[in-house]
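Trainee: I would like to learn how to read a structure one feature at a time. Where do we start?

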Amino acid sequence: MRIGLVCVRGSVPAFENFGFLPTDIVGANGLVKGSRAHRVLDGIIIPGGSIVESGSLSPELGSEIRRMAADGKFVLGICSGFQALAERTDIGRRSPCPVYREGLGLLNVTFHPMISNDRVEATITGESFLTSGMSGESITGFHCHTYGEIRGDAPEIMRSSIVRADYRERPGEIISGVCSDDGNVAGTMVHGCLDENPALVDNILEFLDADETSRERILEANRKLREALRSELGISTGIRVTDIGGVRGTPPAIMIASTGSDSGKTFILTGLAGALRRRGLRVGVIKVGPDVRDIVPALYLIKEPMEEHSSIRIGRLGWMELRDVLESVRGRYDIILIEGVMSILTGLLNDITPYSGAEIALAAGIPVIMVAGCSKGGIESAVVDLDAHIAVLEGLGVDVSCGILNRVYDMDIFERASGGRYLAIPRIEMSERGGTPEVEIKLEDFCLKAMETVEEHLDVDALIRLAKKPEFRGYMGPEEIRRVFRG
């Protein structure tokens, strides 16, 4: 039994473990070790990522997928892989009119902008090779998408219960999975569904008539495949990595936070994660709050899966409490990078505790790298903004290890304004659209540019030394926070 995993630019094959199913890599040319995919595979899984936005589903690969579907073999798409199987996806989230990317048309649905980042419970509502005999049962996983509204006539196979959508409280159920009329092609928006729900994996194996011997072979082949995937940064970059070992206890952590949204913290965190992984370190990447899409580029680059501890809960938002996150990462990583949310001070004065990145950093003694962008107010305003934020943070007792001005367009002005207090990253031009997870991102270009920029302009080894082992110490009360904030 051979099960292919699509591995092209923009796919995230290590984003999840797929319940140990894939055994072979299918490249952009539609080949598996020199053979056409439909001739050697019994099924294929198309993972999430930014396949649609990256435009990496080549005609050759598309032809092989269509041929496998026509031959009655199973085809499963997850998130972006699901979108690739659909008729088209409107990626114009910030456009006044739709911006369509065509899919393979194997599933009679279209996708439209809708952001969802919840941990979810989904109910099985229909039959397919994936959901056979499970009608009415519940499965678990998570959503991580920008384009998740599904419209069309394809048979529905699952619905997800969500709490939020498009940054607003919007509890309810939405369609999150459909199949073809024959039931051998299916798509789901639920990441982690194969890892967390063995019944789905069993259904695939039943569809393949896999006996116990075949299952053992699949398990061993998958182990080797995952080792091969983890040995490279990104997809088809040729950048090889080897673990240096030494994972033990609670890993040191550092938070990359900012004075506001669109400062470049995702870019810097991604580049730093890649630079550390290239050194052989096992890097954990975590987001404060629920918007886990922001850490997808880093996870893509370093081949780490999204975990429940990947999102630190603030207020009612996010997946796991800080205390539990710190316990979950023990013995798994050499270093932890934590990305802040909005401004590190946003939500600080909310009566719900914790509700800001500052409170998370303070509660566990996590050092902070503060980032300010120069695009909106210029270099002088960025310095003033950084000074003010750091003053408040230090008043609270937060350890601010260093400050970075991002997108600096004039080094002379930077030197005069910063007086040597801060580091600088020059403005980097991306060749085309695709510089932010919020709208449209070309993962390979974004990630490699981020790593190149960080390694050229920052002392990575010095930043590693800033990280400290976190220890949960509890949260500061609202009254004390207000007292410090007012000065």
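Mentor: Start with one residue, Ser80, which lies in helix H4 (residues 80-85). This is a predicted model.

Trainee: Is Ser80 buried or exposed?

Mentor: Ser80 has a relative accessible area of 2%, so it is buried. Setting aside neighbours within four places in sequence, its contacts are Pro47, Gly48, Gly49, Ser50, Ile51, Val52 and Glu53.

Trainee: What is the mean pLDDT of the protein chain?

Mentor: The mean is 93, and 98% of the residues reach 70 or more. Residues 432-438 fall below 50, and that stretch has 23 contacts in the model beyond near neighbours in sequence.

Trainee: How should I read the side chains of a strand?

Mentor: In a regular strand, side chains alternate between the two faces of the sheet. Take strand E17 (residues 283-288): Val283, Val285 and Lys287 point one way, while Gly284, Ile286 and Val288 point the other way.

Trainee: Why is E17 described as largely enclosed by the rest of the structure?

Mentor: Because six of the six residues of E17 are buried.

Trainee: And how do strands form a sheet?

Mentor: They pair through backbone hydrogen bonds, either parallel or antiparallel. Here, an open sheet of seven strands runs in the order E18-E17-E19-E16-E20-E21-E22, with parallel pairing. The edge strands, E18 (311-312) and E22 (423-426), each pair on one side only.

Trainee: Which strands does E17 pair with?

Mentor: E17 is joined by five bridges to strand E19 (residues 335-339), and Val285 stands opposite Leu337 in E19. E17 also pairs with E18, over two bridges; there the bridge partner of Lys287 is Ser311. At the E22 edge, strand E21 (residues 400-408) pairs with E22 over four bridges, and Asn406 is opposite Ile425.

Trainee: What about helices?

Mentor: An α-helix has 3.6 residues a turn, so residues three or four places apart point the same way. In helix H6 (residues 198-207), the buried residues are Leu200, Val201, Asn203, Ile204 and Leu205. Their cover includes strand E6 (74-78), strand E11 (138-142), helix H5 (193-196) and helix H7 (212-230). After H6 comes Asp209, with a positive phi near 55°.

Trainee: How many residues of H8 are buried?

Mentor: 13 of the 14, so H8 is largely enclosed by the rest of the structure. H8 covers residues 265-278 and reaches 20 Å from its first C-alpha to its last, close to the 20 Å expected. Gly280 follows H8 and has a positive phi, near 95°.

Trainee: Now the cysteines. How many disulfides are there in the whole structure?

Mentor: A disulfide is a covalent bond between the sulfur atoms of two cysteines. A search of the whole structure finds zero.

Trainee: Why does Cys374 have no bond to Cys402?

Mentor: Cys402 holds the closest cysteine sulfur to that of Cys374, but at 15 Å it is too far for a bond. Cys374 is buried, with a relative accessible area of 2%, whereas Cys97, at 44% relative accessibility, counts as partly exposed.

Trainee: Which domains does the UniProt record place on the chain?

Mentor: An unreviewed UniProt entry places "CobB/CobQ-like glutamine amidotransferase" at residues 35-197. In the model, this span is 18% helix and 38% strand, with its end C-alpha atoms 32 Å apart. UniProt, also in an unreviewed entry, places "CobQ/CobB/MinD/ParA nucleotide binding" at residues 254-293. That span is 35% helix and 28% strand, and its end C-alpha atoms lie 19 Å apart.

Definitions and conventions
Residues are numbered from 1 along each chain as its sequence is written. This is a predicted model: local features need pLDDT of at least 70, side-chain atom pairs count only at pLDDT 80 or more; totals for chains, interfaces and linings use all residues. Side-chain values use heavy atoms; hydrogens and water are left out. pLDDT is the predictor's confidence in each residue, from 0 to 100. Contact means heavy atoms within 4.5 Å. UniProt positions are given in the numbering used here, feature names are shortened, and annotations may be inferred rather than shown by experiment. A disulfide is a pair of cysteine sulfur atoms within 2.5 Å. Buried means under 20% relative accessible area, exposed over 50%, partly exposed in between (1.4 Å probe, protein chains only). The expected span of a helix is 1.5 Å times one less than its number of residues. Two strands pair if DSSP finds at least two bridges between them.
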